[in-house]
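Visitor: I would like to learn how to read a few local features in a protein model. Could you take me through some?

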Amino acid sequence: MEGRRSVLVLTNQYDVTADVVLRLLAERRVPVVRLDPGADLHSGASLTATYRPGGQRGILRTASRELDTTRVRSVWVRRPSPYAGPSGLSEQDRRFAAEQALWGAGGILASLPGAHYVNHPWNNRAAEFKPSQLSTAQRCGFLVPNTVITNDPEEAREFVTSHRGGVVYKPLWNTRYRVDGQPHSVWVREVCGSEITDAVSVCPHMFQAKVDKAFDVRVTAVGGRLFGVRIDSPDLDWRCRQDLMTCTAVEVIESVARAVTAYLTELRLIYGAFDFAVTASGDWYFLECNPNGQWAWQPAQTTAAIALAIADLLEKGPDT
């Protein structure tokens, strides 16, 4: 078993972003165990937790490690695969196995005694709801564009037509979607009143006043450290064609920095990827915060600094 307290990294095998941090931890001789619980636990890995007088104990066994789960200093919840049952089972049995894994293994991994989570998976999930993001952002002092979330076509149409500066549609969740069998991304796009049909009643839709932005900013928050990048793109949604955008480091203004700190504190996050639209007059409008957003696409110097900040947090472990 690992002698020193280990860092447990929950992510899929293709996560090259995690590799950047893992190399730093290896250089520091910090023991690391990597696990993709949604896949590994039905392909050779095992996880056991016992609850007896005296406390909780547990053992995680992978192909290369055996870990006493009471000796985990930090858990980095990066990009684990969804829990899925093993192949070869009936659809019903596979669904049963997947749900038992989520509530069983997922519950164990989210309650390791004494571990420092970056971020805790339950906090991640709570912070992913767009309505919660918007209400929290307003309380914490961010500027937030006028927004409506509704399944009422008349409410949606009235909102769109009342904003002369334009309105954009944003999905509330990045749901997997296919067109003619091919993966299809639903990007942020501008809409007009004539496009609002009774189909809106099928589910809630999010409409937001278009910000007359000069550029976008991504602020990556790691604990108390903030890393700002200005994004210049010809597209409304810079994710559409990332090969056409340019990124340069930018200072995070004081009012935004204070609001970021308040936001992380309220939602109990250690890490957050904040997106802003910045106007020509210098107003920063909060668009969203992804509690587990990607960061290795940023300029090399920024990426290296973020990796160092994450490695520092994981190596330090819980405050004592």
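Guide: We will look at a helix, a loop histidine and the cysteines. Keep in mind that this is a predicted model.

Visitor: Let's start with α5. Which residues of helix α5 are buried?

Guide: The general idea comes first: an α-helix has 3.6 residues a turn, so residues three or four places apart point the same way. In α5, which spans residues 130-139, the buried residues are Lys130, Gln133, Leu134, Thr136 and Ala137.

Visitor: What covers the buried residues of α5?

Guide: The cover includes two helices, α4 and α7 (254-266), along with the strands β8 (147-150), β13 (205-209) and β18 (284-290). After α5 comes Gly141, with a positive phi near 100 degrees.

Visitor: Now the histidine. Where does His120 lie, and is His120 buried or exposed?

Guide: Look in the loop that links β7 (116-118) to α4 (121-127). A residue is called buried under 20% relative accessible area, and His120 has 14%, so His120 is buried. A polar atom of its side chain lies 3.1 Å from the backbone nitrogen of Trp122.

Visitor: And the cysteines: how many disulfides are there?

Guide: The test is whether two cysteine sulfur atoms lie within 2.5 Å. By that rule the count is zero.

Visitor: Why is there no bond for Cys192 or for Cys203?

Guide: For Cys192, the closest cysteine sulfur is that of Cys240, and because it is 18 Å away, it is too far for a bond. For Cys203, the closest is in Cys192, at 19 Å, again too far. Cys192 is partly exposed at 37% relative accessibility, and Cys203 is partly exposed at 35%.

Notes. Residues are numbered from 1 along each chain as its sequence is written. This is a predicted model: local features need pLDDT of at least 70, side-chain atom pairs count only at pLDDT 80 or more; totals for chains, interfaces and linings use all residues. Side-chain values use heavy atoms; hydrogens and water are left out. Helices (H or I, at least four residues) and strands (E, at least two) are DSSP runs, numbered from the N terminus. Buried means under 20% relative accessible area, exposed over 50%, partly exposed in between (1.4 Å probe, protein chains only). A polar contact is a pair of N or O atoms within 3.5 Å; within protein, one must be able to donate a hydrogen and the other to accept it, and residues adjacent in sequence count only if both atoms are side-chain atoms. Contact means heavy atoms within 4.5 Å.
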